[in-house]
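Visitor: I am new to this structure and would like to be shown around it. May I ask questions as we go?
Guide: Certainly; please have the structure in view.

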Amino acid sequence: MIVQETRIKSSSGHQAVSRHVLSGAQNEAIRRISGSDYLLKDWMKEAKREGIRYGLRHIAFNPSETMTDQQLSDFAGDICRELEADPERMTFVIHQKDGKTHGHLLLPEWQQSHVLSSKFSWVRLEKLARLAEVKLGHALVPGRHDKAIVKALRESGEHDAARKVEALIPTEKTPPPVAAYTSQARRMAERQDFDLPTARREIMTFWEKSENDLRKFRHFLSSKNWHMRAGDRTDRGREAHIIETADGVLIGSFTRLTKVRMKDFRQLLEDEASKKPLLDLRPVAQKSEAREARRAFLSQREHTDETKAERLRIQERLLSIVPFKNPERLSPGLQIYFKDWKREMQAARAVLNARHPLEKRYGSKVSLDMQTADVMKMMRQGWAKLRKANALVAEARKALNELEERKWEFFRKRKISDAEKVLQEALAQLAEILRYCVEFILYHLGLSNQKPAPLQIPVPVEQEMARQDYLERRADLLKTLLDEKACRDWVKGRCRDAEHKRARVIAQWHEDRVPEVEKAEQMVMQLETLARLPRRIPGEVRARIETLKRCGDFQGTLNEVRLFDAMQRPLALEESPKIVSHQRSKIERVATPSIQAALL
């Protein structure tokens with residue numbers, strides 16, 4: 001049984017989930033056990049009234065084997081008990097699709113006196129699913145949290161179920177199961193009449209046929225008029241790639257669909273970038289067709305001479321064809337040589353393609369206005385808390401002033417003391433929120449290496465004086481942050497400072513890596529020379545290199561190339577003065593007397 005949980009925001013409304021659960025057109029039959037659209041609307045209003053971010057909890061459970069309506073209802077009751085929800089206040093609907101049934105449970109987040117429990121809810125729901133499978137005799141479905149489920153079952157006394165779930169845990173360390181696509185992506189595909197499960201199976205087939213080669217995989221995708229590109233996310237996941245159709249219909253993320261880890265996918269991208277593009281043989285084919293067309297008009301001798309000359313020209317341009325796909329066909333020495341050559345080339349390319357962590361994290365340059373807007377949006381709740389805390393301080397100070405102005409008041413001193421205590425607590429709370437907001441922004445922008453300490457509200461008594469001192473020192477900053485325009489200007493200034501700091505750090509990092517990069521560039525040039533020996537290399541040097549290749553001595557071939565380059569460098573330096581003096585004498589012969597005097 002697969003259980004999925006979704007929390008629906010109060011600002012989103014209930015209409016979308018109500019249409020899907022109560023009147024989904026994709027279902028063969030819909031049986032409403034309890035609840036109604038009116039109740040969903042009323043629960044949303046309750047959440048808005050109480051100021052709760054989420055209004056509804058949607059829990060869908062799909063058993064792998066057939067379950068009766070009563071069994072599905074009992075499982076919904078188990079969920080209510082687990083999450084401390086009132087079973088009388090729920091909307092439960094059973095859908096039938098392709099002859100199989102699954103349940104949809106909708107619960108209000110506000111439970112009259114408390115908010116619906118959400119602590120480790122995914123693990124708790126998986127535990128209920130495994131228990132139901134054990135009790136009903138269904139095949140157990142492995143999940144992401146099997147170890148935690150086994151521990152929880154043993155603590156609750158379900159030892160038999162714990163043993164059965166423990167058998168699902170793999171002995172070797174493997175990545176946990178992950179959904180191939182989100183429920184949101186599936187709903188979007190259904191609205192556009194696109195069969196997402198079938199597309200996912202085809203993509204898995206393409207990936208298996210490609211043998212972990214991204215270029216082959218892209219070719220297979222193009223046969224279905226699909227393509228893979230970098231995602232549009234700018235806040236995080238910048239290296240994630242998505243697969244979509246030619247019409248722009250999103251199929252899903254590459255890593256989700258193929259079950260490839262993000263770390264391995266980054267390496268695949270680097271390997272793809274380091275490979276040379278495939279050689280285009282179409283011009284050669286066109287020349288061959290043209291030669292065949294002229295063949296009828298040439299004599300046998302002329303045709304033979306032209307064919308031989310054309311073959312020699314092509315052999316000079318084409319790279320040596322080596323059967324990398326079938327290395328077993330090569331001699332053992334050549335296999336060792338090509339393996340070492342490939343390893344060195346990959347290491348050199350990794351040095352050349354390396355980027356500073358800040359470049360990877362922040363990506364391409366974004367305008368200061370966009371950075372400021374992102375920070376303001378991200379800190380929206382922080383600004384609201386800061387304004388609310390400032391309002392509480394103003395109210396507490398006003399109440400204290402009113403008490404001090406009253407001369408005749410019973411228990412006046414005690415009331416003033418209580419009001420002063422309330423004011424101190426409000427000031428400490430305001431300082432704590434201000435401290436957290438400032439530290440979070442500086443840490444997020446990279447201006448501070450210290451991660452902000454979590455909010456402590458109410459502030460401990462021993463820290464109240466320290467927070468009030470902090471507030472006095474930052475009074476001007478507090479005034480700035482409470483004004484929206486001034487706050488935006490302050491955030492923009494910090495974004496500018498962070499951008500300058502990142503630029504300096506990245507520039508210094510690249511400057512420190514110059515010797516390493518130059519060494520890698522020289523290594524790449526030498527390796528390319530080994531891959532295709534140029535004509536300037538003498539025959540005896542070429543013969544020695546070929547012999548070392550067959551023996552598998554990669555370092556020996558590299559030393560031969562380095563030795564040849566070292567011998568050629570002094571000759572080039574000797575030739576350069578002769579070329580300069582020859583050009584000077586040529587200029588003097590054609591120059592006027594005034595120009596000759598200037599040259600002298």
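Visitor: To begin with one residue, why is Gln424 classed as it is, whether buried, partly exposed or exposed?
Guide: This is a predicted model. Gln424 counts as partly exposed because its relative accessible area is 36%, and that class lies between under 20% for buried and over 50% for exposed.

Visitor: Where does Gln424 lie?
Guide: Gln424 belongs to helix α18.

Visitor: Which residues is Gln424 in contact with, leaving aside its neighbours within four places in sequence?
Guide: With those neighbours set aside, Gln424 has contacts with Glu464 and Gln468. Gln468 is 44 residues from Gln424 along the chain, yet their C-alpha atoms are separated by 7.9 Å.

Visitor: Let us turn to the interior. How many residues has the largest nonpolar core?
Guide: The largest nonpolar core has 33 residues, and Trp383, Leu386, Leu434, Leu481 and Val491 have the most contacts inside it. Two or more residues of this core come from each of α16 (368-378), α17 (380-405), α18 (412-445), α19 (464-473), α20 (475-482) and α21 (484-512).

Visitor: Which element gives the largest share of this core?
Guide: Helix α18 does, with 12 residues.

Visitor: And what does Leu481 touch?
Guide: Not counting residues up to four places away in sequence, Leu481 touches Trp383, Leu386, Leu434, Val438, Cys487 and Trp490. Another core, of 22 residues, lies apart from the largest one, and its members include Ala76, Ala85, Ala129 and Ala132.

Visitor: How do the axes of α17 and α20 cross?
Guide: The two axes come within 10 Å and cross at roughly 115 degrees. The crossing of α17 with α20 is left-handed.

Visitor: Which residues make that contact?
Guide: From α17 the contact involves Trp383, Leu386, Arg387 and Asn390, while α20 supplies Leu478, Leu481 and Leu482. Sorted by class, the contact has five nonpolar, one polar and one charged residues.

Visitor: A change of topic: do strands β7 and β8 run parallel or antiparallel?
Guide: Strand β7 (residues 241-245) and strand β8 (residues 250-253) run antiparallel, joined by three bridges. Within this pair, Glu244 stands opposite Leu250 of β8.

Visitor: What do β7 and β8 form, and how many residues are between them?
Guide: They form a hairpin, with four residues between the strands. Gly248, in the turn, has a positive phi of about 90 degrees.

Note on methods. Residues numbered from 1 in each chain as written. Predicted model: local features only at pLDDT ≥ 70, side-chain atom pairs only at ≥ 80, totals over all residues. Heavy atoms only, no water. Core = buried A, V, L, I, M, F, W, Y, C linked by side-chain atoms within 4.5 Å. Buried < 20%, exposed > 50% of the residue type's maximum accessible area, 1.4 Å probe, protein only. Contact = heavy atoms within 4.5 Å. Pairing = 2+ DSSP bridges. Axes fitted to C-alpha atoms, helices over the stretch in contact; angles between N-to-C directions. Left-handed = near helix turned anticlockwise from the far one by under 90°. Nonpolar A, V, L, I, M, F, W, Y, C, P; charged D, E, K, R; others polar.
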